[in-house]
Amino acid sequence: MSIHIGAEQGQIADKILLPGDPLRAKFIAEHFLEDAVCFNEVRGMLGYTGTYKGHRVSVMGTGMGMPSISIYANELITSYGVKKLIRVGTAGSVNKDVHVRDLVLAQAAGTTSSMIKNEWPQYDFPQIADFDLLDKAYHIAKDLKLTAHVGSVLSIDAFYSDFADNNIKLGQLGIKALEMEAAALYYLAAKHGVQALGIMTISDSLVNDEDTTAEERQTTFTDMMKVGLETLIA
Ligand code: HPA
């Protein structure tokens, strides 16, 4: 057991899907995995291992923000030997061409956080997705006829910000969307020599006036989970 994960050694697969919301982890386990067994309930951060199309796969919540995902990613990698980590989350579009319900495959993640800077104050190096996972996810999304944008996201620390006026400029600089976890996940994957990717569905637009129904949101989340799972086993 690690500090925040109550699983025994061997209970977690070497491939994992990481939604922010632990109840989405439960949803994925119940709807996509066979013979899913819960391996963690510590702090309600539900985690399950089962099989997807015959492959052993895990899914676990991460909570919101870089400190939270960092705790779980660190322990999954260093205590349980996880090698492929795919975040499946939501993001707010800052790009006029990126619409609610589209997918964003985060090729790179910038950040407003000082977490990485605290470890490497003299460098500002890019946090990038694993190319093999990115390439696979892109082709899987295309095969499923989903709209998938590949580009950079910004992992921000504050969901509620006084700098909303910058959103349009961020989009003009090529940022697709804002979210809160990818940069930390990419950094930890690089640090430990494992593979990571962030797949986000756009839940809201910060630059277009767009709406989505709860049912539409559920469908796109389900599509994203399919892309994530197919990528993990490809
Ligand atoms: N900002 C940051 N993270 C998010 C957003 C947002 O607007 N929407 C979903 N995750």
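Which residues does Ser-70 touch, not counting residues up to four places away in sequence? I looked this up first in what is a predicted model, and I noted that Ser-70 touches Met-115, Ala-184 and Leu-188 once those sequence neighbours are set aside. Ser-70 has its place in helix α2, which runs over residues 66–80. I entered Ser-70 as buried because its relative accessible area is 7%, which is under the 20% cut-off.

I then turned to the nonpolar cores. The largest one holds 70 residues, and I noted Ile-5, Ile-12, Ile-16, Met-60, Leu-85, Leu-197 and Ile-199 as the members that touch the most others. Helix α6, residues 182–192, gives the most to this core, contributing 8 residues. A second core, separate from that one, has 7 residues, among them Val-94, Leu-154, Ile-156 and Ile-175.

I followed Leu-85 further and, leaving aside neighbours within four places in sequence, listed its contacts as Ile-16, Leu-18, Ala-73, Ile-77, Leu-133, Leu-185, Val-194, Gln-195, Ala-196 and Leu-197.

My last entries concern the ligand. I found that the residues surrounding the ligand include Thr-90, Ala-91, Gly-92, Phe-159, Glu-179, Ser-203 and Asp-204, and that Ile-156, noted above as part of the second core, is also one of the surrounding residues. For the polar pairs, I recorded a side-chain atom of Asp-204 at 2.9 Å from a nitrogen atom of the ligand, a polar backbone atom of Gly-92 at 3.3 Å from a ligand nitrogen, and a backbone N or O atom of Thr-90 at 3.5 Å from a ligand nitrogen. The ligand on its own has 260 Å² of accessible area, of which the protein covers 90%.

How values were computed
Residues numbered from 1 in each chain as written. Predicted model: local features only at pLDDT ≥ 70, side-chain atom pairs only at ≥ 80, totals over all residues. Heavy atoms only, no water. Core = buried A, V, L, I, M, F, W, Y, C linked by side-chain atoms within 4.5 Å. Buried < 20%, exposed > 50% of the residue type's maximum accessible area, 1.4 Å probe, protein only. Helix = DSSP H or I, 4+ residues; strand = E, 2+ residues; numbered from the N terminus. Contact = heavy atoms within 4.5 Å. Near = heavy atom within 4 Å. Polar contact = N/O pair within 3.5 Å; in protein donor to acceptor, adjacent residues only side chain to side chain. Areas by Shrake-Rupley, 256 points an atom, 1.4 Å probe, with all protein chains shown as cover.
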